[in-house]
Amino acid sequence: MSSSRFRASLLSLLLAPLCAHAAASDPGEWAGLIEVEGRAAFWRLRAEFVDHQPRLAYAMPGGGVNAGGDWQPLPGATMDDGRVGFTLPAAMGGLPCAAQRDGETLLSAAADRCRLSMVQVATAAQPAVAPGLYRLGDGRLVSVGSFTDFPQPTVIEFGSGRWSFLFERGAGVATAGPSLQSPWPVRLTLKQLPAQQQGQRLLWAEAGAKPLVGERVHIVERPLRWTNGAMSLAGTLMLPATPGPHATVVLAPMSTNAPREAYRQQAEFFVSQGLAALIYDKRGVGESKGDTRETGLNDLADDAVAAVRLLKQQPGVDPGRIGVWGHSQGGWVAPIAAARSSDVAFVIAQSGPSVTAAEQEIYRVETSARNEGLSAADVAEAADYERRLMHWVKTGEGRDWLEAAARTKTDARWAHLVEFHEKLPDLPSRRAQTFWYFDPMPSYAQVKVPMLAVFGDRDAFVPVERSVTLLRQALAQAGNRDHQITLLDHAAHGLWATDLDSGHKAATTTGFHADYFPTLVRWMKAHGLTGPDNGKR
C-alpha cells in the first residue's frame, strides 16, 4: 500500500466515528472549559429534557473527565435552535452564560463574559485507548493514563512535556485539545488499533501531521507487599523488559490520598529511561493499612525505606542503585528517607519544602489567594485565618475565634483555600503538633547521597527562595557536594509551564516545563542510573 493510501485509511478510521457522532442531536454530556471574566475552570455539563422542559446541571469533577463530581442544577436553563443557556450560581457571579451547539461542540462568542469551550463526551465502560507507555513510529515516547492528583485520563509526551486531558468521544476515539484541560480545537486524536503479535497499538493523529502508529512498550509488573513495623503496605514494581539489573526508584506519594495508579505515568517515564520503579498505596489507601491522619513525615519516610530494603532482594533490581523520588509532600519524604537509611542511594525531590508544614500552608493560602486575584483585604484575611489556625495547633490558643470563623466566614471569597472547624478539640493532638511543626532541616543535613532537587519559580504552595536557601545550607552542613538544585523558570508547583500558579492557569497550560523531563534525564545519565550496572560503578 502506498504511503498516501495508508494515511487516508488511517484518517478514515479516525474521522468516520466523529462525523457520525457530530450528527447526533439528542441532549447529552459535554466536558471542557468554562471561562468567567477571563478565569478558566474545568466543567462537565449535562443536558436533558424532563417533561419537555430543558434541565442543565454541572459538575467540577475530581474523578475524571467522564465520571465523578457532584451534579448541581443550573438555573435559567434554555435549549433552543442549537443554543444552550443558563445562569451561573450566585457564588460564581450570577452571570448569564450561553453557547452555540455545533454538532459535538459547545462554543461561546469570543466577547462573552462567560464562555464555554466544550466537546460532547461519551460514557464508556472502557477507555478508548488502553493505558500504558507507547513508542510512536518517529521514536517519541508517550504515556496514556492518569497523573497524580489529576485523575482524569491524560496523555503525556515525555520528549516535549506536552500534557493533555483525553476526552472520550465514543466509537473508540479519544481527543485532546490545545492545552491541558481545553478540548477544542482538537489537536490530537487517538484510537486503539487491533493488537498484533508484539502487543497493543494505537493510532496517533496530530492536526496537520501524518498519523503515526504507536506500539505499547512491554513493562514487567510484579505486585509486592511489605511491612514497616506493624504497618502493611502494598505496591507494584514496574521493570523494563531489557536485561538488568536496573537502578530502581521508589515513588513516595504526595499528600493526596490517590492510589498507586495515580503515579503510574511518572513511573512509566522512569521505565522509559531504563530504570525500574515502585509505585505503592500510601498508608490508609488502597491495599495499604493504616491512617494518614495518625502519620508523621518520619513514618512516611520509613515506609519508603522499608520498600527500599524489600527491593534489594528483588530479581532485576540493582541493590546498590535504589533511590527515592518524591513530589510536594513526597519531596519532604524522599530526603528524609535518605537521612534515615544508608540503603537509599540517591534522591530526586520535586517542589519539596525546606520549612515546616505550618509555614508552608500559610504561604500557600496567602499566595494562592493573591494569585486568584482576590482583593488585598481578602488576601490578608485569608492569611490571618491560616496563621491563627496554625497558632492554635502549636499552642491551643484561639479556639473560640476559629470556631466562630467556621460559622461566619464560609461564604468568604477565600473560604475554599482553608479548612474550617466548627468544633475543635480542647487541645490540639500531639500528632498535629509534630506534623505541622516538624523541622526537616536536621534530616536534610544528613543527606550525603547524590540528590537532585527541582523547583518551579512560580510555585504558589512552597516558599521556593527560602526553601532553596535552607536546602543549600543543610547540604553544605552534610558535606554533600554531589547535589543539583534546578529552578525552572515560569513553572508552577506541579512543574507545569505557567506565568502564574493558579487553578485557572492550570486549565490552559500546554504541559510540563520544557526542561523538566530533560533535567531528570541528564541527571540520571550523569549518575549511571539509565542502564544496567555492567560493573561500571
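Biologist: In this predicted model, which residue forms a salt bridge with Arg309?
Modeller: Arg309 lies in helix H3 (residues 297–311). Its partner sits in the loop between H4 and strand E24 (347–350), so the pair ties together parts that are 34 residues apart in sequence. The closest N and O atoms are 3.3 Å apart. The partner is Asp343.

Biologist: Is Arg309 buried, partly exposed or exposed?
Modeller: Buried means under 20% relative accessible area, and exposed means over 50%. Arg309 has a relative accessible area of 46%. Arg309 is therefore partly exposed.

Biologist: Which residues do salt bridges with shared partners join into one network?
Modeller: One link is the salt bridge between the side chains of Glu157 and Arg140, at 3.3 Å from N to O. Glu157 is in strand E12 (residues 150–157), and Arg140 is in the loop between strand E10 (132–136) and strand E11 (141–147). Glu157 counts as buried, at 8% relative accessibility. The network comprises Asp138, Arg140, Glu157, Arg162 and Glu206.

Biologist: How many salt bridges does the structure hold?
Modeller: The pairs Arg309 with Asp343 and Glu157 with Arg140 are among them. The total is 28.

Biologist: What is the closest distance between N and O atoms in the salt bridge of Arg264 with Glu221?
Modeller: Arg264 lies in helix H2 (residues 264–272) and Glu221 in strand E19 (residues 219–228), so the contact ties together parts that are 43 residues apart in sequence. Arg264 counts as buried at 14% relative accessibility. Glu221 is partly exposed at 39%. The closest N and O atoms are 2.6 Å apart.

Biologist: What is the strand order of the open sheet of eight strands?
Modeller: The pairing in this sheet is mixed. Its edge strands are E19 and strand E26 (483–488), each pairing on one side only. The twist averages 20 degrees from one strand to the next. The order is E19-E20-E22-E21-E23-E24-E25-E26.

Biologist: Which residue in E20 stands opposite Arg222?
Modeller: E19 and E20 pair in the antiparallel sense over ten bridges. Their hairpin has two residues between the strands, and Gly229 takes a positive phi near 65 degrees there. Opposite Arg222 stands Leu237.

Biologist: Which residues point the other way from E20, relative to Met231, Leu233, Gly235, Leu237 and Leu239?
Modeller: In a regular strand, side chains alternate between the two faces of the sheet. E20 is mostly covered, with ten of its ten residues buried. On the E22 side, four bridges join the antiparallel strands E20 (residues 231–240) and E22 (residues 276–280). The residues pointing the other way are Ser232, Ala234, Thr236, Met238 and Pro240.

Biologist: Which residue is the bridge partner of Thr236 in E22?
Modeller: Met238 stands opposite Ala277 in E22. For Thr236, the bridge partner is Ile279.

Biologist: About what angle does the direction of H4 make with that of E23?
Modeller: H4 (residues 329–340) reaches 17 Å from its first C-alpha to its last, close to the expected 16 Å. Eleven of its twelve residues are buried, including Trp332, Val333 and Ile336. H4 packs on the sheet, touching strand E21 (246–252), strand E23 (317–327), E24 and strand E25 (451–456). The angle with E23 is about 145 degrees.

Biologist: Which helices do the buried residues of H6 pack against?
Modeller: H6 (residues 376–395) has 20 residues and reaches 28 Å from its first C-alpha to its last. Its buried residues include Tyr385, Leu389, Met390 and Trp392. Just after H6, Gly396 takes a positive phi of about 80 degrees. The helices are H5 (357–371), H7 (399–408) and H8 (430–436).

Biologist: Which strands stand at the edges of the sheet of nine strands?
Modeller: Nine strands form an open antiparallel sheet in the order E4-E3-E2-E1-E9-E8-E7-E6-E5. Each edge strand has a single partner, so one side of each is left without a neighbour in the sheet. The edge strands are E4 (72–73) and E5 (78–80).

Biologist: Which residue in E9 stands opposite Ile34?
Modeller: Strand E1 (residues 29–36) and strand E9 (residues 114–121) pair in the antiparallel sense over eight bridges. Opposite Ile34 stands Leu116.

Biologist: Which residues does UniProt list for "domain: Serine aminopeptidase S33"?
Modeller: The name comes from an unreviewed UniProt entry. Over the listed stretch, the chain is 46% helix and 14% strand, with the end C-alpha atoms 17 Å apart. The listed residues are 262–496.

Note on methods: Residues numbered from 1 in each chain as written. Predicted model: local features only at pLDDT ≥ 70, side-chain atom pairs only at ≥ 80, totals over all residues. Heavy atoms only, no water. Expected span 1.5 Å × (residues − 1). Buried < 20%, exposed > 50% of the residue type's maximum accessible area, 1.4 Å probe, protein only. UniProt positions renumbered as here; feature names shortened; annotations may be inferred. Pairing = 2+ DSSP bridges. Salt bridge = Lys/Arg side-chain N within 4 Å of Asp/Glu carboxyl O. Contact = heavy atoms within 4.5 Å. Axes fitted to C-alpha atoms, helices over the stretch in contact; angles between N-to-C directions.
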